[in-house]
Amino acid sequence: MSKKINTKYLISLMVSIFLAFAVGAVILLCTGHSPLTAYGAMAEGAFSSLRHVGDVLEYAMVLAICGLACDLGSRVGIFNVGGEGQLLIGAIVAAQIGVSLDGTTAWLVIPLAALGAIVSAGLYAMIPGVLKVKLKVNEVITTIMLNTVAASLCQFMAKGPWKSANKTMVSATENLNVRYWFDGLIPGSNLSTAIFAAAIIAFLVWYIMQKTTQGFEMKLTGQNPRFARFSGMRIDRKIIVCMVISGAMCGMVGMFRVYGSEHLFKPSVSNDYYFEGLMVAMIARYQPLATILLSIFFAVLKVGAEGLQQVGVPNQIYLIIQTVVIFFMAAQSGFLECLSVRLQKRKAAGANAPGGPEAEEKGGAEA
Amino acid sequence: MREPVINFKHISMQFPGVLANDDISLDIMPGEVFALIGENGAGKSTLMNILYGIQTPTSGEVWIKGRRVEEFDPRNVIEQGVGMVHQHFMLVPSFTVAQNIVMSKEPRKHRIFFDNAAAEAAVRKLEEDYGLTVPESVPVEDISVGMQQRVEILKALYRGAEILILDEPTAVLTPQETEELFGVIRGIVREKHMTVIIITHKLDEVMAISDRVGVMRKGKLVGIHETRDVNQQMLASLMVGRPVLFDELERTGEPGEPALTVEQLRVLDHRGLVAVRDLSLELRAGEILGIAAIEGNGQSELIEAITGLMPVQSGRITILGKDVTGQDPGEIREAGLAHVPEDRLATGLSGAATVAENLLVGKQREARFNRWGFHQNQAAVRAYAEEVYGRYDIRGAGVEALAGDMSGGNMQKVVIAREFSFDSPVLIISQPTRGVDVGAIEFIHSRIMEKRNQGAAILLSSADLDEVFRLSDRIITLYEGRITGCFRASEITKEEIGLYMTGSRQQGGKEA
Ligand SMILES: Nc1ncnc2c1ncn2[C@@H]1O[C@H](COP(=O)(O)OP(=O)(O)O)[C@@H](O)[C@H]1O
Ligand SMILES: [Mg+2]
């Protein structure tokens, strides 16, 4: 079953990406840029140096874990739009744990920071989960509102109680002691050993969703909650647990950003990264493997877009391409239907040929 | 001789893995009622979808009123005067009846604005013409299923249909509504000279309404007969390809210990009104207790409360002596209950999951499918599903196909196969054969009886009185949430029981 859907999906994805680049090219032309130069600069921006490749991988990691967090929620039928806030909470808690335990061994600080990020972000994500299950409050609204709450809360902490002594930083925590930093893998790039932890998380999430009994139950809960309940599953608990894990994953991303790249908390540890991950998840139809692969693709675009600046093209073209892909993916179901009907007709016409009407008519004319 | 209005010429339709129509040639004559029968999955809907232009046949031609259909597209076919009412209705729930009827050809004011008054007037005119009344200005979501079907029929008539296709129109209707529908069909055929093609599983309906009947089996049209030349026995045998006997089912053993008891149960429906009023009953091992009631008299709520899907207002429910009042469906299942729900698509399965997955549900935590407590053994799942698939004679594109793509009767077999596989001492069965063909009905009935003879306690609810009579040891009648009578199935007739179902007669202080 999955095979058929996959080819269909792949075709539509390829077509959508191609069309998105085409639309991008038209826009570039209209604004007086050469698409070839621009796309060339993009490729160069992503691959020209090892440093850029490192940045691509780091960003792909962020997108993939955020996207998978979204996949996990959607599997039980809950749409976690609040990952951005969960990420920020995880980041600031992890950062402050490192700051306050300064001097202790890294063997203690790193696990504690990870635990802090997981617990704080997980609990934060639990709020909309519980509200949805107990009071039937729409999670999209609560998670969006909680994003704002989290951002303000982090601002407040980073400007107030946890503010760095460094006067040049308006809102940021103290710098982490270097001994707690994740080792950089490529000098000058953001890529750190965090990517190994991320790879393990990604594998686990994929495994849970695709290969386990628990993943099977989650899937049924998302597909038909009434049926899941009818057959004896505790769907409320499943929804809350998935929401907590989803939040914890976002919290981990926050910690990775702090310990791997930024080395302190500031509001820009995430620039709507979760939302970009969420879009990737949408394009991937919430399938874990596709989410991971597409994360790499969009990371290439995003980092490559920095290269655009150098040839004088605004890097927003990246956003345009991303949204246009989504647009075409959404339109594709109708589009593909059209295509398959055409194909069917062609086949029907072909099958008609030997004994069908055309042959008869021809036969008649010849006789 | 008159010209046929429709000719199918050598129609074949190949789906991946299934030849749904196999070289079908058929002429439909003007002014006739043609019944099309066949087992679930025989290809009836497919043939009608081709006629209506929804699907393009792999080979063959369709001619309508002497013209060949060039392009299979409903718009084309509708123009030729063909209308279709699908198995699943296609109405917009929030639109009014009139808006639904005129949709796609709406009257407009100044060519832009929808003209509601004109729409309702047009619908009223249709109603007069065809003698079919509907509440024009009520939203479709607020009217009964039977009424929605009338709306579908009027929609087709509004678009100028002269040939009307009805795909299993009676599957969702009560006997009274079916009678009304048949009145409408007779009217439009006699007075408007329309042609009707009707698909149904109920052979008595074929006998009652049709002039001719075509029988399909496994994609082939195996026979066309004048209805007056055949009887139900013959049709059933033709459909299934072997004699279908509907013999008396063999009952063995005597009822044993009480397995399910319900005491003074009170349940509220979705609107908060009392649906089950202080009802008590006792169900013993090795017996089938049938519920005879007109839809909406508390039978659905009773069953949902027993199975934990609906909250209990007051009262007590025990299974094998264990109090399960107010527990969730999982705990109640553990206490020893399995449930075939009345609505298979909404409650009984997940259409987006595969057949194998649907058969597995409930057993997914068993060690053979669940290594180390988490790893799903997908090979074992598949092997298990294949085995059940064969044993229950499920027909479709295999266990890896999506359950939602199967025909209704086969979905029902999946639900029954799964629920019976738990070997639970208590079985609650609702509408076991709604929309299921005769061959499958015989199969399902004998499975239910087998469960009874093995000692299961079975509570059966069905809108089909024949079914209740055929299977039950005892029958209770429900009226407005109360038991109005309790009988041994052999002691009462269908006519008499109707009086208890409508509340016009009542046994004093009834408990079952
Ligand atoms: N769109 C489809 N794709 C694949 N198989 C289909 C499709 N529609 C119907 N089938 C298959 O074709 C067969 C005939 O189906 P159908 O015409 O719906 O049967 P009926 O209406 O007689 O119950 C079934 O085996 C069904 O699974
Ligand atoms: Mg059908």
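**A guided look at ligand 1 and the salt bridges**

Guide: Welcome! In this predicted model, ligand 1 is surrounded by 13 residues, and the closest are Gly41(B), Gly43(B), Lys44(B), Ser45(B) and Thr46(B).

Visitor: What makes the approach of Thr46(B) to ligand 1 a polar contact?

Guide: The cut-off is a pair of N or O atoms within 3.5 Å. A polar side-chain atom of Thr46(B) lies 2.5 Å from an oxygen atom of ligand 1, so the pair qualifies. Backbone N or O atoms come in as well: one of Gly41(B) lies 2.7 Å from a ligand oxygen, and one of Lys44(B) lies 2.8 Å from a ligand oxygen. As for cover, ligand 1 taken alone exposes 560 Å², and the protein buries 75% of that.

Visitor: Which elements give two or more residues to the shell around ligand 1?

Guide: They are β2 (18-28) and α1 (44-51) of chain B. The most comes from α1(B), with three residues. By character, the shell divides into four nonpolar, seven polar and two charged residues.

Visitor: Why is the pair Arg234(A) and Asp328(B) called a salt bridge?

Guide: The test asks for a side-chain nitrogen of Lys or Arg within 4 Å of a carboxyl oxygen of Asp or Glu. Here the closest N and O atoms are 3.3 Å apart, so the pair passes. Arg234(A) sits in the loop between α9 (225-230) and α10 of chain A, and Asp328(B) in the loop between β17 (322-323) and α10 (329-336) of chain B, so this salt bridge joins two chains.

Visitor: How do you know whether Glu39(B) is buried or exposed?

Guide: Buried means under 20% relative accessible area. Glu39(B) has 8%, so it is buried. Its salt-bridge partner is Arg395(B), with the closest N and O atoms 3.2 Å apart. The two lie 356 residues apart in the chain. Arg395(B), at 30%, is partly exposed, because that value falls between the 20% and 50% limits.

Visitor: Why do you say that the end-to-end distance of helix α10 of chain A agrees with its number of residues?

Guide: At 1.5 Å a residue, its 28 residues (235-262) should span 40 Å, and the end C-alpha atoms are 39 Å apart, so the two agree. Of those 28 residues, 22 are buried, leaving α10(A) mostly covered. Just after the helix, His263(A) takes a positive phi of about 65°.

Key: Residues numbered from 1 in each chain as written. Chains lettered and ligands numbered in written order. Predicted model: local features only at pLDDT ≥ 70, side-chain atom pairs only at ≥ 80, totals over all residues. Heavy atoms only, no water. Helix = DSSP H or I, 4+ residues; strand = E, 2+ residues; numbered from the N terminus. Expected span 1.5 Å × (residues − 1). Buried < 20%, exposed > 50% of the residue type's maximum accessible area, 1.4 Å probe, protein only. Near = heavy atom within 4 Å. Polar contact = N/O pair within 3.5 Å; in protein donor to acceptor, adjacent residues only side chain to side chain. Areas by Shrake-Rupley, 256 points an atom, 1.4 Å probe, with all protein chains shown as cover. Nonpolar A, V, L, I, M, F, W, Y, C, P; charged D, E, K, R; others polar.
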